[in-house]
Amino acid sequence: MTDTVTIPTPDVRADRWAAIGRWAKEQYPLYILIVLLIVAGLTSDAFFTPRNLANLILQTSVIGIVTLAQFLIVLTGGIDISVGSVLGLSGVLAAGLLSGSNVIMAIAIAVAVGAAIGAINGYLVAFRGLEPFIVTLGMLALARGLVYAYTEGSPVRPEAADFRGIATATVAGIPVIGILWLALALVVGFITRRTVLGRRIYAVGSSKEAAHASGIPVRSTLLVTYIMAGVLIGFAGFLLASRVGAGTPTAGTLYELDAIAAVVIGGTALSGGRGRVFGAVVGTLIFGVITNLLVLLNVSTFLQDAFRGALILIAILLTTFQFSRRRARPTIS
Amino acid sequence: MSSHDDKRSPVPAFHLDGVSKSYPGVHALRDVTLEGYPGEVLAICGANGAGKSTMARLLAGQETPTSGSVRIGSHGQIRKPADAEAAGVLLMHQEPLVIEDFTVEENVWLTSLSSADGVKAWGTVRRDRGARTREALDAVGLSDLDPRTPVRSLGPGPRQMLALSRTSVNHHKVLLLDETTASTTEEHFRDVLELVDRERAAGVCVVFVSHRMPEVFAMADRIAVLRNGQLVDVVRTADTDPDEILTMMIGEAVSALEPFDMKPDPAADPILEVRGLSSGSAHDIDLDVRPGEIVGIYGLVGSGRSSIARSISGHQDRRTGTVRVRGRPIPSGSPRRALEKGIAYLSEDRRREGFVPAFTNALNLTLATPGQDSRWGVINRRAEKARVATLLKRYQVKGGAETMTRSLSGGNQQKVCIAKWLEATPEVMVLDEPTKGIDVRARLNIYEIVRDLATGGKGVVVVTSEAEEALKLCSRILVLRDGAVVGTYDPLTSTTDDLIRASLGGDIS
């Protein structure tokens, strides 16, 4: 084959527009977010103030990083309901071990705890063939139990004076923690879309049989993915402890639900193999904006949960419209 | 066969009147008018994409026509599956409709669930059900199958026959067989034939959708040929021959494939050496493949043919024996390491193992070799795009890089799967039923690809359940029976009869 593919320019341009059109058609979470932002601007004067927006970013960044971890696991066709507990455990250990005297060591401890638990989950799922749900259900109870045992129920205060530094710092008014979230999202996006490992994650998530038969190392791909997710969760655990200024025993409780919901709202298929990191980020923002807005509007905390629940249902209902329209397209047989 | 035509009832069993069906951008059927009569077998032939399956779906009420009308018997218009079922239409799919977690018996009676016949919540199983299940299974050649076996443990062939066994416990006037024989093999052929004869004698109108000429000519009274959604002609089987039908199907005469006469250098060292291999139902297999040789492995289901293919390529564990490619041993049970050592396996089960369903053509084509365009694990997208474009062109895959592979026809899917493997440049390519469920033209494409491989000095092993394919494609054929090689045949001096006899063991008439 010596002939090279030469395509006239207009076609390229038409292709690009078609690609943009296809992309735009699938961005329903983005549209939900835009509608939410408009509603927020109309109903609350306080929403679009720099202070509130910085606050919003601060509130969503930690759960945003946890959602990135959840996104990776869901891409492989798994689910991780231990994220909240593992986040809590890495937070209290980062603040408590070595008395929390050194920030760098605290980060290293948090990340190592997350990675170790990720490795255990990954080993059980990949090499022992256990269901991710059950494995992480066990880990959820185990990690939370360890948190309570270690803290005896009260917050652990670190000694280092600059422990809160990262979480409170801002660059041009933007919280550093938000920039970290964005950077990690880009890293996860790069890994999933541009690397051989990412290719393997998608293939394993879509069909383990086809991936195995095609010479993809299914087990090690799964293990590596769980470890990567663990690293993200551990780091998020440190950030939360840093923001609060202490390792609190209840930190991260029920984060797993928000993370799973954000991943699904972002268009990632729970069956695995399909989804983009951009969707996971948008999904997190949708949650962040609605929580923030409900607070600004003085909606009672009890009703807030109902609103969030309704939002999840509406958003996943929208995904069914999107997917059924695609499915209805004929296959050329 | 022609006596049926004479007794034909004047009331049609089904009637398609000026039926068109279009999907966005595709005219699947255009102005088709066709009738089928009780007690006749009507074959619907056409290449992939000609509209055969659309027609079957219209008759079963799964699709409504864009224009025109579909009537079954005296029932009137068919608009939904319930209409068709009430009118007595039974559809048998290309993929057997069975529930894996149910037993064989429960699957035989599956369709009676929808009519609540004997399976009402407060109902009890009919007393004679056991005996009727046995009869139904015997009638399709599954007499040694225990009705309590879970279907999960059955292979594709028995599953399809199991689905077909429902014809004897069901009341129907029109039986649609939509490429039903694609996953069955030759030994079930006679069972299908008998089943169709029984149905015909019982006054059922059998609509047989297929592109396999031997089956069409063995069964059909009339043949309707579709091309690009249009009805080309309806002819009586007695008045035509396979060549004419094939010509009508693809609109041009097919050049017959010459037998493969390239003989490998007998002095050359074998590229693949298998010694004392036992795995699954195969035992003590010795096999040599020299460069440029296409070795066929022919046998019935359960003869061990797939076990050989899967175990030499690392897809199945070996009990004993060694496999060497160019002298290097291939470890057991790891497709990945087998591929690294130069042996690739094209799976018989394309949908499950061949390609990743959520992937586009581009991603599936590079699935086995993502590293080729990457450095430090990072993929160079421009290089990959260029490689994919070349591959699509070289293997004549319909659809672009961004088309989902699962939306392609079987033939194009198979080309993607083969291309995926050839990108890994294996020394030995093992192909398991490479043309299963694939139409005439794509089949020729695939034969060409396989021969090019051999001509290029690679070793090829083709596992097939079609004697004719083995004779056309291979340079040497091993026949298996009960897990052992019972003979080696030269395709230039053998006939399909020789192979079938050897595979069955002893004389058949």
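This is a short tour of three helices in chain A and of the place where chain A meets chain B.

Before you click: this is a predicted model, where local features need pLDDT of at least 70, side-chain atom pairs count only at pLDDT 80 or more, and totals for chains, interfaces and linings use all residues. Residues are numbered from 1 along each chain as its sequence is written, with chains lettered from A and ligands numbered from 1 in the order in which they are written.

**Stop one: α4 and α6.** Select residues 83–96 and 132–151 of chain A. Helices here are DSSP runs (H or I, at least four residues), numbered from the N terminus. The two axes (lines fitted to C-alpha atoms over the stretch in contact, with angles from 0 to 180 degrees between N-to-C directions) come within 8 Å and cross at roughly 25 degrees. So α4(A) and α6(A) are roughly parallel (angles under 35 degrees). Now show the contact residues (C-beta atoms, placed from the backbone, within 7 Å): among them are A:L89 and A:V92 of α4(A), and A:L140 and A:V147 of α6(A).

**Stop two: swing over to α5.** Add residues 103–126 of chain A; the axes of α4(A) and α5(A) come within 8 Å and cross at roughly 150 degrees. Pick out A:V86 and A:L93 from α4(A), and A:I109 and A:V113 from α5(A), which are among the residues making this contact.

**Stop three: chain B.** Turn on both chains: the contact takes 26 residues from chain A and 35 residues from chain B. On the chain A side, look for α9 (196–206) and α10 (208–213), the elements giving two or more residues. The largest share, 6 residues, comes from α9(A).

How values were computed:
Two residues are in contact if their C-beta atoms, placed from the backbone, lie within 7 Å. Angles under 35 degrees count as roughly parallel, over 145 as roughly antiparallel, 65 to 115 as roughly perpendicular and the rest as oblique.
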